[in-house]
Amino acid sequence: MEIYLDANATTPVLPQARQAALFAMADAFGNPSSVHGSGMRARVLLDEARATARRVLGAASGQLLFTSGATEGIQTAVLSAMKHLRQRRNAGEAIPGCVLYGATEHKAVPEALNHWNNLLGLGLQVLAIPVGRDGRHDLEWLRAHVGEAGLVCTMAANNETGVISDLDGIAGIMKGSGALWLVDSVQALGKVELHLRERGIDYAPFSGHKLYAPKGVGMLYVREGAPFTPLLAGGGQESALRSGTENMAGIAALGAVLKELETGTAFASAQALHGYRAMLAQALREAFPGVVFNAPFEISLPTTLNVSVPGLSANTLLNLLDAGGIRASGGSACGASKAMPSYVLQAMGLPEWQTASAVRLSFGAAERLEMVSEACRRFRACGDALRESCRSPLPATQPMATEPITRFVFDGACCYVAADAAARECVIIDPQPELAGQLAQWLRCRGCMVKAVLDTHGHASSSPIPREAIGNLIKGKSLGWPQAAEEIRVGAYRLTRVAAPGPMGSSAIYLMHDAKGPRAAFTGNVPAQAASGSSGDGKASASSKALEEAIGRDTLLLPSHDENDRFATTLAIERAPQGLPERVEVNQADISQWLGGSVLPILVDVREAYEERMSPLAATWPAAASGAALELVPLSVLVNRLPKWRALADDVRIVFCCRAGNRSAQAARTLRRLGHAQSYSLAGGLTLLSAAEGVPSRPRVVAA
Ligand code: PLP
């Protein structure tokens, strides 16, 4: 069972709405503008839906037109208000100099304001109304500026945080101001009373798909007497306010949802919704100690929880939840390696870590207790998975395996732990202060002592990781390179230091050696090309020749910054001309075919251990049954396997997979660049695989 906690993005279509849409398509399929029987049957549906909407919204007067969604409603309202301002200006009147919008508004609002402002040549200032720490508009600021405003846009409830605006407070300020008022009501419908008429709201757009109707249908309320300009002109439908043949299936479905809101039993009571939120919040607190709720519950929709967990990036938490079958979304847009902080949380002035790691959990008002109970159970299971993978402040019950090199990434910056599992010793290279908690968990969980904290940028012992964080896990007094030491021994490994060439005078490269020779070089932020000394024509300078002797042409170079997800390289690769990155994606059909071939591919799951715990690859991917080798090699320790995979025979295909295909593509591209051409990534990741049939298994064909 999938636990869908992304209702603020969209909702499934209510069965009653589906039925109504089918009826509109199959039985009342006529054009509501036709005057014959078929058309009239459709007209009845249309009129009924509008009448229900008027009752539910308390909008007996004014216009209520059906649109394609809220974005269209917003455009229509903004165009109407701005066209009115232009008319006044053209008539010689002095018009206000600005339009205002809440700083946490959905992007559709400021984008529409700027678009129509430019298109109509108005030259108005488009100003954001600041919000307080609680996410609510700064009413004093609004009071001070409303006199200069031609239009004020304040959403009813925020889509990221669920914060409900103080519409009564705003209404008090708007009264008599002369400014028009647009209230984006998308997230509030069905959850908050809007009192459109009483509050004197001029425009209120709605979207069907946020409330169990299909995508592509919405509504716009326009107060009686408020200026109006149609966005679409044509056949005169919707009383010529919005031309174009009506989306009857969508309108009928939306009508059915509104009917349910009015008299049905599909939606839970406000009390039940508050109870569900309390259950979810408690489960989150237990599963993720230290979890922070980014908006005050007292003034938020009970259906939206915006959370940040210390030490867990939004991507990490989303990957984990997804593996647990919980669909949620980032409170911020997450790039491959750099998290884009949420502008909503930034506007609220929340600390950077909260804005960058926020995850939104939102459920629909038609959810039932069973779903909520199951979600709570899975949160707890996710918490256990983190704990057993040393990613929780709570102690693991079983010892965790330790690879020689583990990579930690924060905002594109990479930190490495070079460890010997048997000796329980390690060295930390280039830690970020933000990783302190995570590193401390990692060390404590494995009982691993720190012999040194090294910095490739040359700041000898100025470790950005606070001593308190790892306290009694530090061996010796100094955190930096031990004075006068030639090398640091970490169990069976040795670490040596090489001065790095280039502009960073005091930079150092650290080399990790095993019994066979150099295993990896931590190159810091010395660009790989500079480290290689390549002049572009493949020739290396004298100093880089010395470096090559120390490092070796084929040793893996691991950088301290990896914004481009290159992961690892070698001097030899850096000196060779580099082409454009190749496509590495393959689909299930390709893999099925290879599974029937004479040389079976190797399938590698690069998800982290806590994800695999929640959804084991063998269960997701029936290819396991075919006898193909399945390996779990999390991206954080991938570097340890690269030498083995580079040595594979040319005809052995290696297919990486992960949740959505991003991390596996990184792994495949890295291995390809390092010389193994038959490296691939499962397009779309396991998410699509499990949604489909899975890869058909084939009998094992023994390799010749
Ligand atoms: N306003 C808010 C608050 C929203 O959440 C959304 C959708 O995410 C929109 C506007 C845009 O709605 P639609 O997708 O119907 O155009």
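This text walks through a predicted model, from its ligand site to its strands, sheets and a few single residues. Local features are given only at pLDDT of at least 70 and side-chain atom pairs only at pLDDT 80 or more, whereas totals for chains, interfaces and linings use all residues. Residues are numbered from 1 along each chain as its sequence is written, and side-chain values use heavy atoms, with hydrogens and water left out.

Start at the ligand. Its surroundings are Gly69, Ala70, Thr71, His106, Met155, Asn159, Asp184, Val186, Gln187, Ser207, His209 and Lys210. A residue counts as near the ligand if one of its heavy atoms lies within 4 Å of it. By class, this shell holds three nonpolar, seven polar and two charged residues. Here Ala, Val, Leu, Ile, Met, Phe, Trp, Tyr, Cys and Pro count as nonpolar, Asp, Glu, Lys and Arg as charged, and the others, Gly among them, as polar.

Three polar contacts can be traced by residue. A polar contact is a pair of N or O atoms within 3.5 Å; within protein, one must be able to donate a hydrogen and the other to accept it, and residues adjacent in sequence count only if both atoms are side-chain atoms. Alanine 70 uses its backbone: an N or O atom there sits 3.0 Å from a ligand oxygen. Threonine 71 uses its side chain, with a polar atom 2.5 Å from an oxygen atom of the ligand. Aspartate 184 faces a ligand nitrogen, and an N or O atom of its side chain is 2.5 Å away. Taken alone, the ligand exposes 400 Å², and the protein buries 85% of that. Accessible areas come from the Shrake-Rupley method with a 1.4 Å probe; for residues, only the protein chains shown count as cover.

Now turn to strand 5, residues 149–153. Helices (H or I, at least four residues) and strands (E, at least two) are DSSP runs, numbered from the N terminus. Five of the five residues in strand 5 are buried. Buried means under 20% relative accessible area, exposed means over 50%, and partly exposed lies in between (1.4 Å probe, protein chains only). Strand 5 runs parallel to strand 3 (residues 98–102), joined by four bridges. Two strands pair if DSSP finds at least two bridges between them. Cysteine 98 has alanine 149 of strand 5 as its bridge partner. Strand 5 also pairs with strand 6 (residues 180–182), in the parallel sense, over three bridges. There, valine 152 stands opposite tryptophan 181 of strand 6.

Further along the chain comes an open sheet of four strands. Its order is 14-15-16-17, and the pairing is mixed. Strand 14 and strand 17 (449–454) are the edges, each pairing on one side only. The twist averages 20 degrees from one strand to the next. Angles run from 0 to 180 degrees between N-to-C directions, and axes are lines fitted to C-alpha atoms, for helices over the stretch in contact. Within this sheet, strand 15 and strand 16 (residues 425–429) are antiparallel and share five bridges. Aspartate 420 is bridged to glutamate 425 in strand 16.

The loop between strand 14 (405–410) and strand 15 (413–420) holds aspartate 411. This residue is not a glycine, yet its phi is positive, about 55 degrees. Most residues other than glycine have a negative phi. Aspartate 411 is partly exposed, at 31% relative accessible area. Alanine 484 also has a positive phi, near 65 degrees. Alanine 484 sits in the loop between helix 15 (467–470) and strand 18 (487–490). Alanine 484 is exposed, with a relative accessible area of 83%.

Strand 18 leads into another open sheet. Five strands line up in the order 18-19-20-21-22, with mixed pairing. Strand 18 and strand 22 (556–559) are its edges. Neighbouring strands are turned by 25 degrees against each other on average, direction ignored. Strand 20 (residues 508–514) and strand 21 (residues 517–524) pair antiparallel over five bridges. Methionine 512 has alanine 520 of strand 21 as its bridge partner.

Finally, look at two alanines in helices. Alanine 440, in helix 14 (residues 436–446), is buried at 4% relative accessible area. Its C-alpha is 8.6 Å from that of leucine 473, which is 33 residues apart along the chain. Alanine 26, in helix 1 (residues 15–26), is exposed at 55%. Alanine 26 and alanine 249 are 223 residues apart in sequence, but 9.6 Å apart in space, C-alpha to C-alpha.
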